[in-house]
Amino acid sequence: MNWILYVLSPVMVHLLLSEGIAVLAGTVIDSAACTALSSVVVLPVAIWMYRRDGSYRGDESYRREGSYRGDGSLRRRPFHSESEGKTFALSRMNYILKENTWEGKLGPLFFLGCLAGGGLLNLLWSGLMKELGITGHFSNRAQEALLTSGMAMQLLGPGLLVPIAEELVFRGLCYTRMKTRLSVGQSVFFSALLFALYHGNPIQMIYAFPMALILALLYERGGTLTGPVLFHMGANLAAILLA
């Protein structure tokens, strides 16, 4: 139970702060502005949790702990305490610096591909959902409310700030914490399911689940949060600019 709370606590914090902003400011500012403000409030807390887990690049203690193999791959073993989970998270920093990550192999092309890939996925998956009639059977009022806000606030909130906050929470924290007990495949699946359920309505769940699978894969194989953040931004910006 403690491990489950450890995994879910970033999402609970995100939900609590976001709902608090919606209640306090929802009648004063529009939907996109609420998401922007929520992300601004969530980010400092999420960054603190991320650093506390030991995923901050400037912390060198992972080299002393030896929780990675010589080839840069992560050492798989069950962790039964928060401190061991921190050590596991710290080992990711060594993995990031290795040349066998997509970032290391492709450099700037990796980031450009993530941004373009997110936009392309949005077009393909949204088009498929429309062709299958899924969007006609379920309400998507939350998304529609965002798209009625001013363009500048849409770009700032859902387009830029939301991807940073959500990737930090769902990939940087939840996914990494899941891997202290679960395999990579299990962590990818359950973190994607959690991300989809968090979005709260059938259309967004159906859209978010396959995207979250790709986001977790980009984080795992890409070796950095920047890749999934850019992919997420590309998908959201495509939805905003092409609506």
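The following dialogue concerns how to read several features of a predicted model.

Colleague: What is the overall make-up of the protein in helices and strands?

Modeller: The predicted model has twelve helices and zero strands. Along the sequence, the pattern is α-α-α-α-α-α-α-α-α-α-α-α. Of the 243 residues, 47% are buried. Among contacts with a separation of 6 or more, 75% join residues 24 or more positions apart.

Colleague: How should one read the span of helix α2?

Modeller: One sets the span expected at 1.5 Å a residue against the distance between the end C-alpha atoms. Helix α2 covers residues 31–52, so its 22 residues should span 32 Å, and the end C-alpha atoms are 31 Å apart, which agrees.

Colleague: Where does α2 kink, and by about how many degrees?

Modeller: A bend is read as the angle between axes fitted on either side of a residue. In α2 the kink is about 30 degrees and lies at Val42, shortly before the proline Pro44. Val42 is also one of the buried residues of this helix, which include Leu43, Ala46, Met49 and Tyr50.

Colleague: What is found at the two ends of α2?

Modeller: At the N-terminal end, Asp30 acts as a cap, with a side-chain oxygen 3.3 Å from the backbone nitrogen of Ala32. After the helix comes Gly54, which has a positive phi near 95 degrees.

Colleague: Is Arg177 buried or exposed?

Modeller: The cut-off for a buried residue is a relative accessible area under 20%. Arg177, in helix α9 (residues 151–178), has a relative accessible area of 3% and is therefore buried. Beyond its neighbours within four places in sequence, Arg177 is in contact with Trp3, Tyr6, Val7, Ser9, Pro10, Met49 and Asp53. Met49 is itself among the buried residues of α2.

Colleague: How do the axes of α6 and α12 cross?

Modeller: Such a pair is described by the approach of the axes, the angle and the handedness. The axes of α6 (residues 108–131) and α12 (residues 226–241) come within 7 Å and cross at roughly 35 degrees. The crossing is right-handed. The residues making the contact include Phe110, Phe111, Gly117, Gly118 and Gly119 of α6, and Gly227, Phe231, Gly234, Ala235 and Ala238 of α12.

Colleague: Which segment holds Leu242, and is Leu242 buried or exposed?

Modeller: Leu242 belongs to the segment after α12. A residue counts as exposed over 50%, so Leu242, with a relative accessible area of 56%, is exposed. The C-alpha atoms of Leu242 and Gly119 are separated by 10.0 Å, although these residues are 123 residues apart along the chain.

Note on methods: Residues are numbered from 1 along each chain as its sequence is written. This is a predicted model: local features need pLDDT of at least 70, side-chain atom pairs count only at pLDDT 80 or more; totals for chains, interfaces and linings use all residues. Side-chain values use heavy atoms; hydrogens and water are left out. Helices (H or I, at least four residues) and strands (E, at least two) are DSSP runs, numbered from the N terminus. The expected span of a helix is 1.5 Å times one less than its number of residues. The bend at a residue is the angle between axes fitted to the seven residues ending there and the seven starting there. Buried means under 20% relative accessible area, exposed over 50%, partly exposed in between (1.4 Å probe, protein chains only). A polar contact is a pair of N or O atoms within 3.5 Å; within protein, one must be able to donate a hydrogen and the other to accept it, and residues adjacent in sequence count only if both atoms are side-chain atoms. Axes are lines fitted to C-alpha atoms, for helices over the stretch in contact, and angles run from 0 to 180 degrees between N-to-C directions. A crossing is left-handed if the near helix is turned anticlockwise from the far one by less than a right angle, and right-handed if clockwise. Contact means heavy atoms within 4.5 Å.
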